[in-house]
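Welcome! Here are some short exercises to work through with the structure in view. Try each task yourself before you read its solution.

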Amino acid sequence: MSQPVILKSNPHGINLILDKTLPFAELKREILKKFKESDRFFRNAKIGLSFEGRQLTPEEEYDILELISQNTSIEIVCIIDKDELKDAFYAAKIKEFEENRAGKTGEFYKGTLRSGQVVECETSLIVLGDVNPGARIIAKGNIVVLGSLKGNAYAGAAGDETCFVAALDMDPVQIKIGSVIGRSADKGPLLAIKNRKKTMEPQIAVVMEDAILIEPIIKGLFKK
Amino acid sequence: MSEVIVITSGKGGVGKTTTTANVGAGLAQLNKKVVLIDTDIGLRNLDVVMGLENRIVYNLVDVVEGNCRIKQALIKDKKYPNLCLLPSAQTRDKSSVNPEQMKKLVDELREEYDYILLDCPAGIEQGFQNAIAAADRALVVTTPEVSAIRDADRIIGLLEANEINKTHLLVNRLRMDMVKRGDMMSIEDVHEILAIDLIGAVPDDEQIVISTNQGEPLVGSDSLAGQAYMNICHRLLGEEVPLLDLENKNGVWSKFVGLFKKN
């Protein structure tokens, strides 16, 4: 870091960006220098202060506050907590919660999805109808289509590759689970229509060794 | 009770304008008072297909902007006195009219006509929004081609989203010989994919090209397409008419007769 101490204003006050390596006594001198330089600008200001770049003990924080209030006319109203570790911890907790929720709860969509229509969902999704070519369904959890899946389906949209896509009639253009994409076989559109199955066979798509595996849902499949 | 029907397809060139002209003329033959509105502003051609281009003085945009009264802009058909056309403007674009203005215009026409047919432009933009704004029901025209069907599917979805729930499918330009060989989708295939009620199928008939070039709808003539369009008109009126046997005239006998005709 070229400057050991940087002052940066934010809507509530200023961020004090501190060097990680400098000994504390030296750092204090640098802070004092910085505030003296800009004392005219901050004259009698009431600000919130937040620390960045360095973990400070409560004593050190107190020291810095004393330093500022004794040597400048700035009044520090409060200290705004900005703890990256804590932030990351909370973010991880929230993500974990959402992922759990995505796999365990679901929403229903009733009706046929036609070309151009998109249904997005934070949890798992059950469609009571067909998904036509050109339509998309996206869910953070699993997808179940009680009808023909002829469009695009994207399960585990938050990245969970343990999700599945199941349909009573599986004939999708594309399936994506997590970051794995599978597409339909290359056949002309007319052939695809002419050769479509006359009977429904429920199938399920999962990720197996970085590829989408589709298998029929038969008795005993889930006992394995 | 008057009924407002929008004829739409999404994809261009599948026969919206031909269908509008023929269904309109057919309903007029069945003694209904009919007005056709060409909503394809900037690319008008319903007037050409009807052979009425030389009679245009005022157009749709003139009516909406108040440059003339509706009555002044309506053109009476050459053949059927109870059939009228409100032509589109050629020198303007789709943004000259908005959905509210279309609704108001159509509501005024409802008082005097039994059927108001709206010829919709291709696409799903403003022109489409204008055309469907005032419609009670829709005829979705498609050909048995995958691209047309994909667009029709999109259109049906958009119609549902705009709360037009009375939607019927018209399969146009069907070639039974190709269907038989398995080179073209059948009516059943199309019907199964789009899953809405079928109002009729019209064969690919060179008589259509001839009638368009002459500027006279062929509905009601004894050509296969003419019969098919007439049947569609009957079904629009709520009558039960069985589907025309399109293979009839493409059979061995007609080919045999055709041989003699050519010579």
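## Exercise 1: Two helices in chain A

Task: Which residues of H1(A) and H3(A) meet, and how do the two helices cross?

Solution. Please keep in mind that this is a predicted model.

Step 1. Start with the residues. From H1(A) come A:Phe24, A:Lys28, A:Ile31, A:Leu32, A:Phe35 and A:Lys36, and they meet A:Glu60, A:Asp63, A:Ile64, A:Leu67, A:Ile68 and A:Asn71 in H3(A).

Step 2. Sort these residues by class: the contact of H1(A) with H3(A) has 7 nonpolar, 1 polar and 4 charged residues.

Step 3. Now look at the axes. Helix H1 (residues 24-37) and helix H3 (residues 58-71) of chain A have axes that come within 10 Å and cross at roughly 30°. The crossing of H1(A) past H3(A) is right-handed.

## Exercise 2: The four-strand sheet of chain A

Task: In what order do the 4 strands of the open sheet in chain A lie, and which strands stand at the edges?

Solution.

Step 1. Read across the sheet: the order is S1-S2-S3-S4 (chain A), and the pairing is mixed.

Step 2. Find the edges. Strand S1 (5-10) and strand S4 (75-79) of chain A each have a single partner strand, so one side of each is left without a neighbour in the sheet. From one strand to the next, the twist averages 35°.

Step 3. Go through the pairs one by one.

- S1(A) and strand S2 (residues 13-18) of chain A are antiparallel, with 6 bridges; A:Val5 has A:Leu18 in S2(A) as its bridge partner.
- S2(A) and strand S3 (residues 46-52) of chain A are parallel, with 5 bridges; here A:Ile14 stands opposite A:Leu49 in S3(A).
- S3(A) and S4(A) run parallel and are joined by 4 bridges; A:Lys46 has A:Glu75 in S4(A) as its bridge partner.

## Exercise 3: One glycine

Task: Is A:Gly103 buried, exposed or partly exposed, and which residues does A:Gly103 touch?

Solution.

Step 1. Place the residue: A:Gly103 belongs to helix H4 (residues 84-104) of chain A.

Step 2. Count the surroundings. A:Gly103 has 18 other C-beta atoms within 10 Å. A buried residue needs 20 or more, and an exposed one has 12 or fewer, so A:Gly103 is partly exposed.

Step 3. List the contacts. Leaving out residues up to four places away in sequence, A:Gly103 touches A:Ser124, A:Gly141, A:Asn142, A:Asp160 and A:Cys163.

Step 4. Add one distance: A:Leu56 is 47 residues from A:Gly103 along the chain, and their C-alpha atoms are separated by 40 Å.

## Exercise 4: The overall form of chain A

Task: What radius of gyration does chain A have, and what would a compact globule of 224 residues have?

Solution.

Step 1. Compare the two values: chain A has 29 Å, whereas a compact globule of 224 residues would have a radius of gyration near 17 Å.

Step 2. Look at the box. Along the principal axes, the C-alpha atoms of chain A fill roughly 85 × 40 × 30 Å.

Step 3. Complete the picture. Chain A holds 5 helices and 15 strands, and buried residues make up 25% of its 224 residues. Of the contacts in chain A with a separation of 6 or more, 38% join residues 24 or more positions apart.

## Exercise 5: Across to chain B

Task: How many residues does each chain give to the contact between chains A and B?

Solution.

Step 1. Chain A gives 12 residues and chain B gives 11 residues. The side of chain A that touches chain B has 4 nonpolar, 6 polar and 2 charged residues.

Step 2. Turn to the sheet in chain B. This open sheet of 8 strands has the order S3-S4-S2-S5-S1-S6-S7-S8 (chain B), with mixed pairing. At its edges are strand S3 (75-76) and strand S8 (198-203) of chain B, each pairing on one side only.

Step 3. Look at one pair. Strand S1 (residues 3-8) and strand S6 (residues 137-142) of chain B run parallel and are joined by 4 bridges. B:Ile5 stands opposite B:Arg137 in S6(B).

Step 4. Add a helix: helix H9 (residues 187-194) of chain B packs on the sheet and touches S6, S7 and S8 of chain B.

Terms used. Residues numbered from 1 in each chain as written. Chains lettered and ligands numbered in written order. Predicted model: local features only at pLDDT ≥ 70, side-chain atom pairs only at ≥ 80, totals over all residues. Pairing = 2+ DSSP bridges. Contact = placed C-beta atoms within 7 Å. Axes fitted to C-alpha atoms, helices over the stretch in contact; angles between N-to-C directions. Rg over C-alpha atoms; globule rule 2.2 N^0.38 Å. Left-handed = near helix turned anticlockwise from the far one by under 90°. Nonpolar A, V, L, I, M, F, W, Y, C, P; charged D, E, K, R; others polar.
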